[in-house]
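Dear colleague,

I am passing on to you the structure shown below, and after it I set out what was found there. Please keep it open beside this message as you read.

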Amino acid sequence: MARLVMKFGGTSVGTVERIKNIAEKVKREVDAGNDVAVVVSAMSGDTNRLIDLVSDVSSIHDAREYDVVVSSGEQVTIGLLSLALQGLGVSARSWLGWQVPVHTNSIHGAARIEDIQCEEIIKRFADKQVAVCAGFQGIADDNRITTLGRGGSDTSAVALAAALKADRCDIYTDVDGIYTADPRIATKAAKLDKITYEEMLELASLGAKVLQTRSVEMAMKHRVKLQVLSSFEDLPGTMVVDEDDILEHQVVSGVTYTRDEAKVTLQQVADKPGVAALVFGALADAHVNVDMIVQNVSEDGKATDMTFTVGRMDIDRAMDVLEKLKDDVNCKAIVPDPNVVKVSIVGMGMRSHAGVAQTMFTALAEKGINIQVISTSEIKVSVLLAEEYTELAVRTLHSAFELDAP
């Protein structure tokens, strides 16, 4: 007997038929003698529809009321799934975030979980009752409903698994696991049997959309075993595990990309102490996240070029901030470029293998792909390229590191 958390995303609960299909999967685990808690998202498209309704009513809205509206989609799905389970003879009860309760901070729209009190759910496991919990939502100290941000149901599931001391957290999606690259681009991409928390965290933060970054962080912190598998096919999935659970690491485990990047270059800024602090401090105050940063060496010791990336949706806000600083940093020009893509390779094997970056740069050069910016960590190398080279770069690197499935 095991204790499991099963999480189903919006596509998985997109129709009544799919909800009934999920109920069958849950019933199989209950019949096997397992204690089961289920976390579900709103039906696909519902959250976007609710966000649009809020925007239609008020372009500048109260974040607390925003959370009341956009969290309502999950209330529908937990009720429907509970009814479907009861129809199969399975004891089930729905739980909203405030009923569990899932305690969060008070940052509405992007709340962080602080504590989950699941004693009542555990008590009902003794009677083989399935807890069907609303993902994405919690409750603040002032008893207002909060939401966790995009993809928050993944975080809800992992946090609940940690609180329940579950043996495993199964994340059911519309794909059947973690692949070495996006199969829509790299047709020879292979599904991984296992991947480490560290690799999954890098992949998630660099564009892989299978798991939310915060959920992987939480799983790594609390050592929650994750499994990513398909809602629609009964196939083995991918386990996200400790580094020690993988005997031998590939040099590179995956290639990923994100188009959510824009490049900004400040030309001929003053080359003196305090300029970078002024620029990036102002961007931080405006809540603009900066990623890759490069500063050229000045030839005369007086002026230099500074290049960095921001989220593509933040480019207008960033430009507004920088225009106001132009005179303060003696900047000749500010040049934005939204037509870029960040392509990355990730792998634990990079820690013990030399020449990984050289292989990457050589492979891109042979295809005539120019690298604009480079950033690295212990287990990843990212490059900024012109967006038109996205697919060619992903396929090239996938082959260069021998990830093509036989």
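The second largest cavity of this predicted model is lined by Val30, Asn34, Asp35, Val36, Phe125, Lys128, Gln129 and Val130. About 30 Å³ of space lies within the second largest cavity, and its lining residues divide into 4 nonpolar, 2 polar and 2 charged. In general, rolling a probe the size of a water molecule over the atoms shows where empty space is left. The count of cavities of 30 Å³ or more comes to 2.

The largest cavity has a volume of about 100 Å³. Its lining is made up of 14 residues, and those that lie nearest its centre are Val102, Cys133, Ala134, Ser156 and Leu160. Strand 5 (113–116), strand 6 (130–134) and helix 6 (152–164) each give at least two residues to the lining of the largest cavity, with the largest share, 3 residues, coming from helix 6. By class, the lining of the largest cavity has 11 nonpolar and 3 polar residues, and no charged ones.

Strand 5 and helix 6 also appear in the lining of the second largest pocket, where they and helix 8 (213–222) each supply at least two residues. This second largest pocket has a volume of about 270 Å³, and of the 14 residues that line it, Ile113, Ala159, Met218, Lys221 and His222 lie nearest its centre. Helix 8 provides the largest share of the lining of the second largest pocket, namely 5 residues, and by class this lining divides into 6 nonpolar, 2 polar and 6 charged residues.

A single residue may also be worth your attention. Ser82 is found in helix 4 (residues 72–87), and because its relative accessible area is 5%, under the 20% cut-off, Ser82 counts as buried. If its neighbours within four places in sequence are left aside, Ser82 is in contact with Ala92, Arg93, Ser94 and Val132.

I turn next to the sheets. One open sheet of 4 strands has the order 13-18-20-19, and its pairing is antiparallel. Strand 13 (254–258) and strand 19 (373–377) stand at the edges of this sheet, each with a single partner strand, so that one side of each is left without a neighbour in the sheet. From one strand to the next, the twist of this sheet averages 20°. Strand 18 (residues 340–346) and strand 20 (residues 380–386) run antiparallel and are joined by 7 bridges; for Val343, the bridge partner in strand 20 is Val383.

Two helices are placed against this sheet. Helix 11 (residues 356–366) packs on the sheet and touches strand 18, strand 19 and strand 20, and its direction makes about 20° with that of strand 20. Helix 7 (residues 197–205) lies across strand 13, strand 18, strand 19 and strand 20, and runs at about 175° to strand 18. Because 7 of the 9 residues of helix 7 are buried, this helix is largely enclosed by the rest of the structure. The buried residues of helix 7 are Tyr197, Glu199, Met200, Leu201, Glu202, Leu203 and Ala204, and helix 7 is followed by Gly207, whose phi is positive, near 125°.

Another open sheet of 4 strands has the order 15-16-14-17, also with antiparallel pairing. Here strand 15 (290–295) and strand 17 (333–337) stand at the edges, and each has a single partner strand, so one side of each is left without a neighbour in the sheet. In this sheet the twist averages 15° from one strand to the next. Strand 14 (residues 262–270) runs antiparallel to strand 17 and is joined to it by 5 bridges, and for Gln267 the bridge partner in strand 17 is Ala333.

This sheet, too, has helices lying across its strands. Helix 9 (residues 275–285) lies across strand 14, strand 15 and strand 16 (303–310), running at about 25° to strand 16, whereas helix 10 (residues 315–325) lies across strand 14, strand 16 and strand 17, running at about 175° to strand 17.

With kind regards

Notes: Residues are numbered from 1 along each chain as its sequence is written. This is a predicted model: local features need pLDDT of at least 70, side-chain atom pairs count only at pLDDT 80 or more; totals for chains, interfaces and linings use all residues. Side-chain values use heavy atoms; hydrogens and water are left out. On a 1 Å grid over the protein atoms alone, a cavity is a set of points where a 1.4 Å probe fits but cannot get out, and a pocket is an open set with protein on both sides within 12 Å along at least five of seven lines; lining residues have an atom within 4 Å of a point. Grid points are joined across faces, edges and corners, and a volume is the space filled by probe spheres set on the points. Ala, Val, Leu, Ile, Met, Phe, Trp, Tyr, Cys and Pro count as nonpolar, Asp, Glu, Lys and Arg as charged, and the others, Gly among them, as polar. Two strands pair if DSSP finds at least two bridges between them. Axes are lines fitted to C-alpha atoms, for helices over the stretch in contact, and angles run from 0 to 180 degrees between N-to-C directions. Contact means heavy atoms within 4.5 Å. Buried means under 20% relative accessible area, exposed over 50%, partly exposed in between (1.4 Å probe, protein chains only).
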